[in-house]
Amino acid sequence: MRIFAMLGLIALVGIAIPAAATSEFGSKDEAVAMVKRVQDEFKKNGAEATFRDVSDKAVAGYHDRDLYPFIYDMSGKCVAHGARPALIGKNLMNLKDQDGKYIIQEMVKLSQGPGNGWVDYKWPNPITNKIEDKSSYVEKMGDYFVGVGIYRQ
Amino acid sequence: MEDAVAPRAAKAKAMARLRSVFGILGHLSIRIKASAASAVLLACLLALGTNAYLTSGRSAGGLRMLSHQLEPKLQEVSRLSEAIVATHMKIFRYVSWASNGVNEKLMSQLYSDIISDLDSLSARIESLNTRDDLSAEERSRVQMLLAEWKLCKSQAKDTLDVGQSDPAMATMMLGQTDDSFKAVDADFQSMANDIKTAATNVQSNLYTAAERNQKIIIAGTALGFLVSAFVFFMIGTMIVGPIKKVTDIMRQLSAGKTDIEIRMRDRGDEIGQMVEAIDVFRKTMIDMHAMEQTTHQAEQHRAAERRAEMRALADEFEKSVQQIAEDLAAAVTVMHKNAEVMSLIAADTRSHSQSISGTVVTTQANVDSVAGAADELARSIEDLASQTQNARELTNKTVEQSESARLNVKQLLEAVGQIVPITGLIQAIAQQTNLLALNATIEAARAGASGKGFAVVAAEVKTLAAQTASATEEINRKIAAVHASCDSVVKIIEQVVGAIGAIGAGNAEMAAAVSQQAASTQEISRNAQQAADTSRSVARNIVELDTKARENDEASGQALEGAGRLLDQAAMLQQQVASFLRHVRAA
């Protein structure tokens, strides 16, 4: 699987390897740019390939420091996750953060409403595995939405 | 004013209605009235019994529902709720273990434990849905619960799955799992609460029903008692009261009081019929009484008529009897006088005959002296002649007196003869009186009790008539005796007169002989002897006459006595007739 994914990513997508990190953590712009990349691949390669690449940690374009994309359908089911593959296939519509915020529901609302925007919530940092404040840029993508977040210190 | 009048009118109206109800009740027969009390009691019993049956049926239903439906359902729901909470806790434990790196063997045990819990919970919730004792609301709630549980279960599984590789994320996911478990649990709790509420409702319904039933039983019993007592009282007043009245009416009727008011005739029951019958009886009594009075008046009238008749008869009888009695009295008086006269005459005759007897003795002595002194005869011829003359005069006188006595006796005989028809008349009256008395007795017998006194008087009259008849018979007998005595006196007087006549002739011859037979003293002596014999015979006759005269005297005395008794009896008759008439008039 991992080999296929790698092959697919290199041979078919040909995504540019991001430039060397300027900071320890990803910025908002970088997050938005990553969303745009996912959108591009989605348009170009379709859903399945995009989901696979997003979930594959080997695809560097989608895994940069603490930045990673996540894709859910409008029912709240996780279809692709750049940091936590255990979530793929799980419906997280009712997922709440420590403040009681329904994270996925907000994102669905945002996607179905304005189509994109920022959502603030708490989420475990994949690097530290600690729950931190996070701001994610979310955009509608066909029947799905895609988001990339930054951890706010 | 109006405010005062209105309630009074309403009250009067209510009273009238009550009375009409009572009237209708009064028309019911006694049998219906008598069975009314038991019917009311029976109705009360029936109502109470029905109520008890229905209530106990409801109670049984409620209890059945409690014990067979609500309680097991509640138990199952409570157990489910507890099991869900326990599973929830296990999921927490699992995530906690995953976060803290508990060894994989324990983790996988707990994992499979939780999975089997979830599956068994699913089965139990499913089986809850198949229960047939769910209400529609509960069923829809169970449907909803099933949906919720499905989500809850999937979230739980997701959390477990994520927890295997990503404990941090699993911890994140505990929030939603918690929510869904809480929601399911809350649903179960509310369902349990609903069932509890239903059970409480059933219980409180049972309690209320029991309380109400108690009240109904008390009220029903009280009502039954009151209504029965009322009906009993009503029957008492509507049967016993009227029966007492009817009894009173009957008692009064039996006492002969017919002018009483007959009430309760318009009653439709047996008492009304009874009163109707009593009224008929009373009318019959009145009719009978009137008839009796009419009969009594007629009888009185008839009695008065009879009395008047009797009085008239008595008057007539009095007249005739008085006349007869008066006649009788007069006749008896006359008879009495005659008897007195006769008695006097008889006494006179006796004294005369005694004097004759003395004279005769003297004559005999003279004759004896003639015979004894035959020789002195011549000498005393003249003396003798004068003496003879004296004797002749005496004889004549005697003859006259005898004649007079005879005439008197004859007169007495006639007087006695006159009495005979009077006694015949008295006898006839006595017979008639007897007949009258007999008639009076018969009438008295026909008159019954009222003629009893009259019958006594009639019997007295009858006795009187018999006495009168016997008295008259006695008088007749006495008269016959007097008659016979008189006849013999007359005969003797006639003999005396004859003898005196013979003496007279002898005296005449002696006078002739006195002048002629001076010579023949023997002759004279013989004649004198003869004369002496004759004078002895005369003396004997005179003695006989004397005896007869005494007898005559006695007879006339007896006649006098008889006449006196007759007089007394006539007076008594008059008295008794008067008393009889008094009785008759008084009757």
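Biologist: Start with B:Asp269. Is B:Asp269 buried or exposed?

Modeller: Buried. This is a predicted model, and every value here is computed from it. A residue counts as buried under 20% relative accessible area. B:Asp269 has a relative accessible area of 0%, so B:Asp269 is buried.

Biologist: Where in chain B does B:Asp269 lie?

Modeller: In a loop. That loop runs between α5 (167-254) and α6 (270-372) of chain B. Now look along the chain. B:Asp269 and B:Ile32 are 237 residues apart in chain B, yet 9.5 Å separates their C-alpha atoms.

Biologist: Take the aromatic rings next. What describes a pair of them?

Modeller: Two numbers. One is the distance between the ring centres, the other the angle between the planes. Centres must lie within 6.5 Å for a pair to count. By this rule there are nine aromatic pairs over all chains. One of them joins A:Phe51 and A:Tyr144, with 4.9 Å from centre to centre and 80° between the planes. Planes over 60 degrees apart count as edge-to-face, and this pair is edge-to-face.

Biologist: Which parts of chain A does the pair of A:Phe51 and A:Tyr144 link?

Modeller: Distant ones. A:Phe51 is in helix α3 (residues 47-55), while A:Tyr144 is in strand β5 (residues 144-151). The two residues are 93 residues apart. Both A:Phe51 and A:Tyr144 are buried.

Biologist: Why does the pair of A:Trp118 and A:Tyr137 count as tilted?

Modeller: Check the angle against the cut-offs. Tilted covers what is neither under 30 degrees nor over 60. The planes of A:Trp118 and A:Tyr137 stand at 50°, with centres 5.5 Å apart, so the pair is tilted. The pair also ties together parts of chain A that are 19 residues apart in sequence, because A:Trp118 lies in strand β3 (residues 116-124) and A:Tyr137 in strand β4 (residues 131-141).

Biologist: And the accessibility of A:Trp118 and A:Tyr137?

Modeller: A:Trp118 is partly exposed, at 32% relative accessible area. A:Tyr137 has 8% relative accessibility, so A:Tyr137 counts as buried.

Biologist: Which charged end sits over the ring of A:Trp118?

Modeller: That of A:Lys28. The charged end lies 4.7 Å from the ring centre.

Biologist: Which residues form one aromatic cluster with A:Phe42?

Modeller: A:Phe51 and A:Tyr144. You have already met those two as a pair.

Biologist: Now the interface. How many residues of chain B are in contact with chain A?

Modeller: Begin with counts, then area. 14 residues of chain B contact 18 residues of chain A. The two chains bury about 1,300 Å² between them, and 60% of that is on carbon and sulfur atoms. On the chain B side, B:Met169, B:Met172 and B:Gln176 lose the most area to chain A, together 44% of what that side buries.

Biologist: What about charges and polar groups?

Modeller: The interface of chain B and chain A has three salt bridges. One of the salt bridges across the chains joins B:Asp166 and A:Arg84, whose closest N and O atoms are 2.5 Å apart. There are also six residue pairs in polar contact across this interface, both residues at pLDDT 80 or more.

Biologist: Which helix gives the largest share of the chain B side?

Modeller: Both α4 (136-165) and α5 of chain B supply at least two residues of that side. The largest share, seven residues, comes from α5(B).

Biologist: One last residue. What is B:Gln155 in contact with?

Modeller: B:Gln155 is in helix α4 of chain B. B:Gln155 counts as buried, at 3% relative accessibility. Beyond neighbours within four places in sequence, B:Gln155 contacts A:Asn94, B:Gln176, B:Thr177 and B:Ser180.

Notes
Residues are numbered from 1 along each chain as its sequence is written. Chains are lettered from A and ligands numbered from 1 in the order in which they are written. This is a predicted model: local features need pLDDT of at least 70, side-chain atom pairs count only at pLDDT 80 or more; totals for chains, interfaces and linings use all residues. Side-chain values use heavy atoms; hydrogens and water are left out. Rings of Phe, Tyr and Trp (its six-membered ring) pair if their centres lie within 6.5 Å; planes under 30 degrees apart count as stacked, over 60 as edge-to-face and the rest as tilted. Helices (H or I, at least four residues) and strands (E, at least two) are DSSP runs, numbered from the N terminus. Buried means under 20% relative accessible area, exposed over 50%, partly exposed in between (1.4 Å probe, protein chains only). A charge sits over a ring if NZ of Lys or CZ of Arg is within 6 Å of the ring centre and within 35 degrees of the ring normal. Contact means heavy atoms within 4.5 Å. Buried area is the accessible area (1.4 Å probe) that two parts lose on being put together, summed over both. A salt bridge is a side-chain nitrogen of Lys or Arg within 4 Å of a carboxyl oxygen of Asp or Glu. A polar contact is a pair of N or O atoms within 3.5 Å; within protein, one must be able to donate a hydrogen and the other to accept it, and residues adjacent in sequence count only if both atoms are side-chain atoms.
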